[in-house]
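Trainee: I'd love a close look at one packing contact here, and then a sense of what surrounds it. Please take me through it slowly, as I spend my days at the bench.

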Amino acid sequence: RTGSPEFSMGCCALSTDLSQSAVERLVKSVNASWHGTIPEAELKELLTLKPCQAQAILNVRRKCGGLNREFGPILLARADDLGFTAEDVRATLRYIREEA
């Protein structure tokens, strides 16, 4: 029954304060990790997210951050074994995050 009014409200039926807070936290999080300035189009997309969408992305970013800290050194060692630099790895991950 995905068309029911109860379902469509879902987790996005949150207070305006919580909505603004989740979106603001997401924008700050993305801004802190983005290489350079967040493109205008990307910022506009972030600002249109519903609170539950922003919170979901924050949860994924938090989980990925932990995985990055845990497995980043292993990835860098493997890349080094293959003849790639740490900057090569960072540039590839940046491309995946921003372009792919």
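Mentor: Happy to. One term comes first: a crossing is called right-handed if the near helix is turned clockwise from the far one by less than a right angle, and left-handed if the turn is anticlockwise. Please keep in mind that this is a predicted model.

With that term in hand, look at H4 and H5, whose crossing is right-handed. H4 covers residues 51-81 and H5 covers residues 86-98. Their axes lie 9 Å apart, and the packing angle is about 120°. On the H4 side, the contact is formed by Leu75, Leu76 and Ala79. H5 contributes Ala86, Val89 and Leu93. Sorted by class, this contact holds 6 nonpolar residues, with no polar and no charged ones.

H5 also carries a charged neighbour worth finding on your screen. Arg90 is found in H5, and Arg90 counts as partly exposed because its relative accessibility is 43%. Now go back to Leu76, one of the H4 contact residues. Arg90 and Leu76 are 14 residues apart along the chain, and their C-alpha atoms are separated by 9.2 Å.

Next, follow H4 to its other partner in this story. The largest nonpolar core has 10 residues, and Ala54 and Leu58 are among them. H2 and H4 each supply at least two residues of that core, with H2 giving the most, 5 residues. The other members are Ala22, Val23, Leu26, Val27, Val30, Trp34, Ile38 and Leu46. There is a broader pattern to have in mind here: in soluble globular proteins, nonpolar side chains tend to be buried together.

Leu58 is a good place to zoom in. Setting aside residues up to four places away in sequence, Leu58 touches Ala22, Arg25, Leu26 and Ser29. Of these, Ala22 and Leu26 belong to the core. Arg25 lies in H2, and with a relative accessible area of 37% it is partly exposed, since buried would mean under 20%. Beyond residues up to four places away in sequence, Arg25 touches Gln55 as well as Leu58. Arg25 and Leu58 sit 33 residues apart in sequence, yet 7.9 Å apart in space, C-alpha to C-alpha.

Beside Arg25 in the sequence, Glu24 also has its place in H2, which spans residues 16-33. Glu24 counts as partly exposed because its relative accessibility is 39%. The C-alpha atoms of Glu24 and Leu46 are 9.2 Å apart, with their positions 22 residues apart along the chain. Leu46 is a core member.

Finally, step back to the whole protein. There are 5 helices and 0 strands, so the elements read α-α-α-α-α from the N terminus on. Among contacts with a separation of 6 or more, 60% join residues 24 or more positions apart. Buried residues make up 19% of the 100 residues. The accessible surface comes to about 7600 Å², and carbon and sulfur atoms account for 58% of that surface.

How values were computed. Residues are numbered from 1 along each chain as its sequence is written. This is a predicted model: local features need pLDDT of at least 70, side-chain atom pairs count only at pLDDT 80 or more; totals for chains, interfaces and linings use all residues. Side-chain values use heavy atoms; hydrogens and water are left out. Axes are lines fitted to C-alpha atoms, for helices over the stretch in contact, and angles run from 0 to 180 degrees between N-to-C directions. Helices (H or I, at least four residues) and strands (E, at least two) are DSSP runs, numbered from the N terminus. Contact means heavy atoms within 4.5 Å. Ala, Val, Leu, Ile, Met, Phe, Trp, Tyr, Cys and Pro count as nonpolar, Asp, Glu, Lys and Arg as charged, and the others, Gly among them, as polar. Buried means under 20% relative accessible area, exposed over 50%, partly exposed in between (1.4 Å probe, protein chains only). Accessible areas come from the Shrake-Rupley method with a 1.4 Å probe; for residues, only the protein chains shown count as cover. A nonpolar core is a set of buried Ala, Val, Leu, Ile, Met, Phe, Trp, Tyr and Cys residues joined through side-chain atoms within 4.5 Å.
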